[in-house]
Amino acid sequence: MAKDSSFDVVSQVDMQEMDNAVNQTKKEIAQCYDFRGSDASIELEEKCIKLAAEDEYKLNAIIDMLRARMAKRDIPLRCLELGKVEPASKGTVRQTLTILQGIPKEKAKAIVAAIKATKLKVNAQMQDDQVRVSGGKKDDLQAVIQTLKAGDFGVDLQFINMR
């Protein structure tokens, strides 16, 4: 009897790489001429990044620096959800960037629908914040991966646990 092969479709962020990107951005802020003598800061917390600066222009400059560091470290840029800019003490502004982990239910439903639309003999099921795809032929699973890579589901997808 043939054993089914499977893989998981996930949306994850390597938090160690994110920490490295934030630390590099901190160093760049400390060395950048535009930020000399200003109160600009960036802090990584559990599931978010907190930014503070004197004005929105500097806040956007910090976000651009962070995105450049993320791109160099192969961290998907879609994983950041920008919060609204809030006024802070002493005329400064702050912003919270949420780090998105996992596939939301509505996006998972769209992924499962796209897999079923391929008419391949595979089974797709939602499990918490990931989608498991299983089937008898590895070629069918490879075709599903190619289909999902070609589609745009609003989240960055990784394919793990290929068995």
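# Reasoning through a predicted model

Modeller: Let's begin with the cysteines of this predicted model. A disulfide needs two cysteine sulfur atoms within 2.5 Å, and by this rule the count comes to zero disulfides.

Biologist: Take Cys48 as an example: how do you know that its sulfur has no bond to the closest cysteine sulfur?

Modeller: The closest cysteine sulfur belongs to Cys79, and it is 13 Å from the sulfur of Cys48. The cut-off is 2.5 Å, so 13 Å is too far for a bond.

Biologist: And is Cys48 buried or exposed?

Modeller: Cys48 has a relative accessible area of 14%. Buried means under 20%, so Cys48 is buried.

Biologist: What makes Cys32 fall into its accessibility class?

Modeller: Cys32 has a relative accessible area of 22%. That value lies between the 20% limit for buried and the 50% limit for exposed, so Cys32 is called partly exposed.

Biologist: On to the strands. How do you know that strand S2 and strand S3 pair?

Modeller: Pairing needs at least two bridges. S2 (residues 41-44) and S3 (residues 48-53) have four bridges, so they count as a pair, in the antiparallel sense. As one example, Glu43 has Lys50 in S3 as its bridge partner. A hairpin of three residues leads from S2 to S3.

Biologist: Leu44 is in S2. Which class does its relative accessible area give?

Modeller: Leu44 has 23%, and partly exposed covers the range between 20% and 50%, so Leu44 is partly exposed. Beyond its neighbours within four places in sequence, Leu44 is in contact with Met15, Met18, Asp19, Val22, Ile49 and Ile99.

Biologist: How are the strands of the open sheet ordered?

Modeller: The order is S7-S8-S1-S9, four strands with antiparallel pairing.

Biologist: Why are S7 and S9 said to stand at the edges?

Modeller: S7 (122-127) and S9 (158-160) each have a single partner strand, so one side of each is left without a neighbour in the sheet. From one strand to the next, the twist averages 25°.

Biologist: What makes S7 and S8 a pair?

Modeller: At least two bridges are required, and six bridges join S7 to S8 (residues 130-135), running antiparallel. One of the matches is Val122 with its bridge partner Gly135 in S8.

Biologist: Which helices lie across this sheet?

Modeller: Helix H3 (residues 105-117) lies across S7 and S8, at about 175° to S7. Angles over 145 degrees count as roughly antiparallel, so H3 and S7 are roughly antiparallel. Helix H4 (residues 138-150) lies across S1 (5-10), S7, S8 and S9, at about 15° to S1. Angles under 35 degrees count as roughly parallel, so H4 and S1 are roughly parallel.

Biologist: Now H1 and H2: why are they called oblique to each other?

Modeller: The axes of H1 (residues 15-31) and H2 (residues 56-72) come within 9 Å and cross at roughly 135°. This angle is not over 145 and not within 65 to 115, nor is it under 35, so H1 and H2 are oblique to each other. Their crossing is right-handed. On the H1 side the contact includes Met18, Ala21 and Val22, and on the H2 side it includes Ile62, Met65 and Arg69.

Biologist: Is Arg69 buried or exposed?

Modeller: Arg69, found in helix H2, has a relative accessible area of 17%. That is under 20%, so Arg69 is buried. Leaving aside neighbours within four places in sequence, Arg69 is in contact with Ala21, Gln24, Thr25 and Glu28.

Biologist: Lys90 has a phi worth a look; what is its sign?

Modeller: Most residues other than glycine have a negative phi. Lys90 is not a glycine, yet its phi is positive, about 60°. Lys90 sits in the loop between S5 (86-87) and S6 (93-99). Its relative accessibility is 83%, and exposed means over 50%, so Lys90 is exposed.

Biologist: And what is the phi of Asp128?

Modeller: Asp128 is not a glycine and has a positive phi of about 50°. It belongs to the loop between S7 and S8. With 72% relative accessibility, over the 50% limit, Asp128 counts as exposed.

Biologist: Finally, how do you know which class Asp74 belongs to?

Modeller: Asp74, in the loop between H2 and S4 (80-82), has a relative accessible area of 70%. That is over 50%, so Asp74 is exposed.

Technical notes: Residues numbered from 1 in each chain as written. Predicted model: local features only at pLDDT ≥ 70, side-chain atom pairs only at ≥ 80, totals over all residues. Heavy atoms only, no water. Buried < 20%, exposed > 50% of the residue type's maximum accessible area, 1.4 Å probe, protein only. Helix = DSSP H or I, 4+ residues; strand = E, 2+ residues; numbered from the N terminus. Axes fitted to C-alpha atoms, helices over the stretch in contact; angles between N-to-C directions. Contact = heavy atoms within 4.5 Å. Left-handed = near helix turned anticlockwise from the far one by under 90°.
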